[in-house]
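Suppose a learner and a teacher sit down with a model and go through its features one by one. Please keep the sequence and the structure in view while reading.

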Amino acid sequence: MQGTVATFDDDTRTGTVLLDDGAELRFPAAAFDASGLRHLRLGQRVRIDQDAGGVVVKVTLPTFP
């Protein structure tokens, strides 16, 4: 699934993504840490991976594996 970064806090490494349907999805620091990225910027397009329970486990760029 993909969305657009709406918020990102460099200190806590948490944020929110707006999905294409307008829903807001929060992601924890662990999901950002799993990406290998160093920073996200507002408006950036990202790919979101979730576990079976719907918890975001990885936030990365659409072109990253």
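The dialogue below takes up the sheet, then the salt bridges, then a single glutamine.

Q: Before reading any feature, what kind of model is this, and how are its residues numbered?

A: This is a predicted model, in which local features need pLDDT of at least 70 and side-chain atom pairs count only at pLDDT 80 or more, while totals for chains, interfaces and linings use all residues. Residues are numbered from 1 along each chain as its sequence is written, and side-chain values use heavy atoms, with hydrogens and water left out.

Q: How should I read the sheet, and in what order do its strands lie?

A: Strands (E, at least two residues) and helices (H or I, at least four residues) are DSSP runs numbered from the N terminus, and two strands pair if DSSP finds at least two bridges between them. Here five strands form an open sheet in the order β3-β2-β1-β4-β5, with antiparallel pairing. Strands β3 and β5 (56–60) stand at the edges with a single partner strand each, so one side of each is left without a neighbour in the sheet. Neighbouring strands of this sheet are turned by 40° against each other on average, direction ignored, where the axes are lines fitted to C-alpha atoms (for helices over the stretch in contact) and angles run from 0 to 180 degrees between N-to-C directions.

Q: Which residues face each other across the strands β1, β2 and β3?

A: Strands β1 and β2 pair in the antiparallel sense over six bridges, and T7 stands opposite T16 in β2. On the other pairing, β2 and β3 are antiparallel over four bridges; T16 has R26 as its bridge partner in β3, and V17 stands opposite L25. In a regular strand the side chains alternate between the two faces of the sheet.

Q: Where do positive phi values occur in the hairpins?

A: The hairpin of β1 and β2 has four residues between its strands, and R13 in the turn has a positive phi of about 60°. In the hairpin of β2 and β3, also with four residues between the strands, G22 takes a positive phi near 95°.

Q: How is a salt bridge recognised, and how many are there?

A: A salt bridge is a side-chain nitrogen of Lys or Arg within 4 Å of a carboxyl oxygen of Asp or Glu, and by this rule the count comes to three. One of them joins the side chains of D33 and R13 at 2.7 Å, N to O. D33 lies in helix α1 (residues 29–33) and R13 in the loop between β1 (2–9) and β2 (14–19), so the pair ties together parts that are 20 residues apart in sequence. Another joins R45 and D20 at 2.9 Å; R45 lies in strand β4 (residues 45–50) and D20 in the loop between β2 and β3 (24–27), so this pair links parts 25 residues apart in sequence. D49 and R47 also meet in a salt bridge, at 3.7 Å.

Q: Is R47 buried or exposed?

A: Buried means under 20% relative accessible area, exposed over 50%, and partly exposed in between (1.4 Å probe, protein chains only). R47 is buried at 19%, whereas its partner D49 is partly exposed at 26%.

Q: What does the side chain of Q44 reach, and which residues does Q44 touch?

A: Q44 lies in the loop between α1 and β4 and, at 13% relative accessibility, counts as buried. Its side chain reaches the backbone nitrogen of R41 at 3.0 Å. With contact meaning heavy atoms within 4.5 Å, Q44 touches G3, T4, V5, H39 and L61, not counting residues up to four places away in sequence.

Notes. A polar contact is a pair of N or O atoms within 3.5 Å; within protein, one must be able to donate a hydrogen and the other to accept it, and residues adjacent in sequence count only if both atoms are side-chain atoms.
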